[in-house]
Structure formats: structure tokens, C-alpha cells
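Here's a walk through a handful of spots in one protein model. Have the sequence and the 3D view open side by side as you read.

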Amino acid sequence: MKAFKKRGALTHFQILSEISKQDPHLKQKDLADKLGITIQAVSENIKTLIELDYISSKDGRSPYKITQKGIEKVKKDAISLRKYSDSVLETMNHYKTIWPAIANEDLKKGDLVGLYMEDGVLYAHKKEENATGVVLEDAEANMDVSLTNLTGIIDVVNGEVTLIIVPTIKDGGSKASDLDLIKKVYEKGTNSGEKINKVASAGTVSRAIINKLGLPLDIEYGAPHATANAARKGLNVLAICVGDMSKSFTRELEAEKIKYNIIDGKK
């Protein structure tokens, strides 16, 4: 699309197109609103278009009129834009949206498979499910498989998050934390009695506590966002965080409408 390679070329095209509609009441503010740019930007572009003899104006103010040279410019650019759009549409018509999953059994190209979520992972097998897809390439069991034509709804119930807030290092850190309580919470699971699937850590004190208790550390970096994401995939997460770091977790969880429980981990 060579016509729009130069900086500001597309804006020039848009302004000329609007002016070509011959609205005598067209103001710079109208152009700014339509194009989503500032009035100052419109003014600068109009000045350039006048200098290029694409539009004419008395004292650089409205009403603006497109010149014959401007009309030829718009036609040429419009044809270029149409050709580009047509090529994009042609590509999109042949494009297939592809989704990855784990094959629960050997699958063949063209198989209609059922999709289900387990432990936060999307699986495909030949059994009937509420969501289905079509296999694009042969895949062995336990390997990744490419799918297309996904339809239906994948049954996923949001997991729960148990948030334990432990003291900062200034307030005693791990020595001031109730390690027995944290261990019991992990073993007991969520308020609903379901097991904890993942453990998240935010802060050095939390990492030390997890090491001390021998808990698995699944989520450490970007923990608030990753915790909410894991819960959206049906996983129950125990998140141990230091002091005010809990605010980042609650913001993420409330934004995603994830059920959570806060426990004070201080002795």
C-alpha cells in the first residue's frame, strides 16, 4: 500500500475524503472529531493540503473546497486502499482459527473431538462433551493437537483463592508468621473443602515460608495476575503474600469475579 507509506498520508486521505463531500459547514472541529485527532493536527494537515494544491480555502479557513488535483489524489489512494483491503479479505477467507489442546488419546486429522478442562489444561478426546472441535493434524496421546471449528461451551467452574497475609520483614517476617496455621490451611484446602491445586508466592518472606514448610511453589512472578488466571481455569490457589502486596491480589480477583478468602498469617 505505497500510497500511505509517507507519514500523515492516511490522514491527508481522510481529510480530503471528508472535504470532498462538499459540506459548506464543515469545521476543523468536525474533522478532528471524525478522525480522532486534535484540532491543531487538523489545522496543520489542512495547511499542507493547501500548499500541495489539493484543497482551496479563503484565508485558510472553511469552507474548504477540493481541487481537481485533490480529486485525482483521492481516487488514486482509494483504489490503492481497496486493492489492499481486498487482498486482506481474501487472506482472511482462507484463514482458520487454530486452538491447541492436549490429546487424551491418539487422534486423526478430521476427527470430531470433545473438549474439556482439567487442572487448568484443555484436553481433547473422542468422547462427547459440551464443546467440540475438529482435529487439523494427527496427534499422539499426551501430545499437543491443533484444533479448528470450535463450538459449544467448555465447562469450567472458577476456582477459589485462599489469601494468607504474612508479616513484613520489619514486623518479624517468617519468625512472626503462624507456620502451623499456614500448613493446616494448605492441607485442609478451600472453604468449600476442595484441595489446593497451586501455591503462589509474593515477597521474599512468603518464599522463605514456603521453603520452610516444603510446599510446592507453582506461581512466583506476576503472582496476582497469574493467580486470578489460574482460578479462572478452575484451579484452587493458596496465595501467600507479604503485607500490602495483598491489595494487588484482591484487585485482580475482584476484577475477575473470583471468590477468595483472606487469612491473617501472623502469630
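## Thr67 and its surroundings

Thr67 is buried, at 14% relative accessible area (buried means under 20%, exposed over 50%, and partly exposed in between, with a 1.4 Å probe and protein chains only). Before going on, a word on the source: this is a predicted model, where local features need pLDDT of at least 70 and side-chain atom pairs count only at pLDDT 80 or more, while totals for chains, interfaces and linings use all residues. Residues are numbered from 1 along each chain as its sequence is written, and side-chain values use heavy atoms, with hydrogens and water left out.

Back to Thr67, which sits in the loop between β2 (61-66) and α4 (68-93). Helices here are DSSP runs of H or I with at least four residues, strands are runs of E with at least two, and both are numbered from the N terminus. The Thr67 side chain reaches the backbone oxygen of Asp53 at 2.6 Å. That's a polar contact: a pair of N or O atoms within 3.5 Å, where, within protein, one must be able to donate a hydrogen and the other to accept it, and residues adjacent in sequence count only if both atoms are side-chain atoms. Setting aside residues up to four places away in sequence, Thr67 touches Asp53, Tyr54, Ile55 and Ser56, with contact meaning heavy atoms within 4.5 Å.

## Side chains meeting backbone oxygens

Two serines, both in helices, do something along these lines: Ser17 is part of α1 (residues 9-19), and Ser206 belongs to α6 (residues 204-213). Here are the three pairs together.

| Side chain | Backbone oxygen | Distance |
|---|---|---|
| Thr67 | Asp53 | 2.6 Å |
| Ser17 | Phe13 | 2.7 Å |
| Ser206 | Ile240 | 3.0 Å |

Ser17 also has a C-alpha atom 9.4 Å from that of Gly70, with the two positions 53 residues apart along the chain. Is Ser206 buried or exposed? Its relative accessible area is 0%, so Ser206 counts as buried. Beyond neighbours within four places in sequence, Ser206 is in contact with Val166, Ser201, Ile240, Cys241 and Val242.

Val242 turns up again with Gly203, whose contacts, leaving aside neighbours within four places, are Val242 and Met245. Gly203 lies in the loop between β9 and α6, and it's partly exposed because its relative accessibility is 26%. For a sense of distance, the C-alpha atoms of Gly203 and His12 are 52 Å apart, with 191 residues separating them along the chain.

## Two more loop residues

Ser174 is in the loop between β8 (161-166) and α5 (179-188). With 29% relative accessibility, Ser174 counts as partly exposed. Not counting residues up to four places away, Ser174 touches Leu179, Val205 and Ile209.

On to Thr190, in the loop between α5 and β9 (198-202). Thr190 is buried, since its relative accessible area is 1%. Its contacts, apart from neighbours within four places in sequence, are Glu160, Thr162, Ile196 and Asn236.

## Positive phi and a ring pair

Asp119 has phi near 55°, a positive value in a residue other than glycine. Asp119 is in the loop between β4 (112-118) and β5 (121-125). In space, Asp119 and Ser174 are 30 Å apart, C-alpha to C-alpha, and 55 residues apart in sequence. Asn149 has a positive phi too, near 55°, but its place is in strand β7 (residues 144-152). At 54% relative accessibility, Asn149 counts as exposed.

How many aromatic pairs does the structure hold? Just one. Tyr116 and Tyr123 have ring centres 5.5 Å apart and planes at 15°, so they're stacked. (Rings of Phe, Tyr and Trp, the last by its six-membered ring, pair if their centres lie within 6.5 Å; planes under 30 degrees apart are stacked, over 60 edge-to-face, and the rest tilted.) Tyr116 counts as buried, at 15% relative accessibility.

## Where α7 meets α8

Finally, a helix pair: the axes of α7 (residues 223-232) and α8 (residues 246-255) come within 8 Å and cross at roughly 35°. The α7 side of the contact is Ala223, Pro224, His225, Thr227 and Ala228, and the α8 side is Ser248, Phe249, Glu252 and Leu253. Axes are lines fitted to C-alpha atoms, for helices over the stretch in contact, and angles run from 0 to 180 degrees between N-to-C directions.
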